[in-house]
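Q: Hey, got a minute to walk me through this one? I'd like to go over the fold and then the charged pairs.

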Amino acid sequence: MKTIEVDEALYRFIASHTLHIGESASEILRRMLGLPPASNDDVQVECESLPTAPVATAPADREADFRQRLNDSGAAEQKKAVDRFLLILSSLHHSDKSGFAEATESLMGRTRVYFSLSEATLLKSGRHTKPKSIPQTPYWVITNTNTERKRSMVEHIMTAMQFPETLTGEVCLMI
């Protein structure tokens, strides 16, 4: 077995491309690079399984998947609002990656960018943005906002992703 070290951002990027439970980093990279799957004749290399994101097809499945991810994340048990906020965002991303990307693309303040794929972009948009990585995603978010702004951001994302209004309200109250 060969081991390589990658930085946290690269690991999250690879993990964000997981298609099914138990998919290894090697399988993800082979798919991304257009290489054929490893054959039985190849040496099998055991790789740590990356966090998974099952694809939910129906809205009810996506909602159930989101609720399950949110429960599993332990967001409700977190003492700090920023930690709950980050885990909610992570759960939203994994429930619908393209929907999350579209919802966050235009979400920004008067002078600040709220979401980005790079910490540097967020640092450029303000002096005290306090960017944090959204767990198990390639995204970064500013965290130097009050709780009401964090709720507003989550509400905007969930509305854009077409989650039910009742669920959106419940989740916003968690922050």
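A: Sure, what follows is a short chat about the fold, the sheet and the salt bridges.

Q: What kind of model is it?
A: It's a predicted model, so keep that in mind for everything below.

Q: OK. How many helices and strands are in the chain?
A: Eight helices and three strands. Going from the N terminus, the order is α-α-α-α-α-β-α-β-β-α-α.

Q: And how much of the chain is buried?
A: Of the 175 residues, 38% are buried. The accessible surface of the chain is about 10500 Å², and carbon and sulfur atoms account for 52% of that.

Q: What about contacts between residues far apart in sequence?
A: Take the contacts between residues at least 6 apart in sequence: 58% of them join residues at least 24 apart.

Q: Let's do the sheet. What's the strand order?
A: E1-E3-E2, in an open sheet with antiparallel pairing. Strand E1 (115-116) and strand E2 (131-133) are the edge strands, each pairing on one side only.

Q: How many bridges join E2 to E3?
A: Three, with E2 and strand E3 (residues 140-142) running antiparallel. To find your way around there, look for Ser133, which stands opposite Trp140 in E3.

Q: Which helix lies across the strands?
A: That's helix H4, residues 81-95. H4 lies across E1, E2 and E3, and runs at about 140° to E3.

Q: Switching to charges. How many salt bridges does a search of the whole structure find?
A: Five. One of them pairs the side chains of Asp96 and Arg62, at 3.4 Å from N to O.

Q: Where do Asp96 and Arg62 lie?
A: Asp96 is in the loop between H4 and helix H5 (97-105), while Arg62 is in helix H3 (residues 59-73), so this salt bridge ties together parts that are 34 residues apart in sequence.

Q: Is Arg62 buried or exposed?
A: Arg62 counts as buried, because its relative accessibility is 10% and the cut-off for buried is under 20%. Its partner Asp96 is partly exposed, at a relative accessible area of 22%.

Q: What does Arg69 pair with?
A: Asp65: their side chains meet in a salt bridge, again with 3.4 Å from N to O. Arg69 and Asp65 both sit in helix H3, four residues apart, which is about one turn of the helix.

Q: And how accessible are Arg69 and Asp65?
A: Arg69 counts as buried at 16% relative accessibility, and Asp65 counts as buried too, at 14%.

Q: Which residue does Arg67 form a salt bridge with?
A: Glu170, with the closest N and O atoms 3.3 Å apart. This pair links distant parts of the chain, with Arg67 in helix H3 and Glu170 in helix H8 (residues 165-174), 103 residues apart.

Q: Why would side chains like that pair up at all?
A: In general, side chains of opposite charge can pair when their charged atoms come close.

Q: Back to Arg67 and Glu170: what's their accessibility?
A: Arg67 counts as partly exposed at 32% relative accessibility. Glu170 is partly exposed as well, with a relative accessible area of 43%.

Q: Which residues are linked with Arg67 in a network?
A: Glu63 and Glu170: together with Arg67 they are linked in a network of salt bridges.

Methods
Residues numbered from 1 in each chain as written. Predicted model: local features only at pLDDT ≥ 70, side-chain atom pairs only at ≥ 80, totals over all residues. Heavy atoms only, no water. Helix = DSSP H or I, 4+ residues; strand = E, 2+ residues; numbered from the N terminus. Buried < 20%, exposed > 50% of the residue type's maximum accessible area, 1.4 Å probe, protein only. Contact = heavy atoms within 4.5 Å. Areas by Shrake-Rupley, 256 points an atom, 1.4 Å probe, with all protein chains shown as cover. Pairing = 2+ DSSP bridges. Axes fitted to C-alpha atoms, helices over the stretch in contact; angles between N-to-C directions. Salt bridge = Lys/Arg side-chain N within 4 Å of Asp/Glu carboxyl O.
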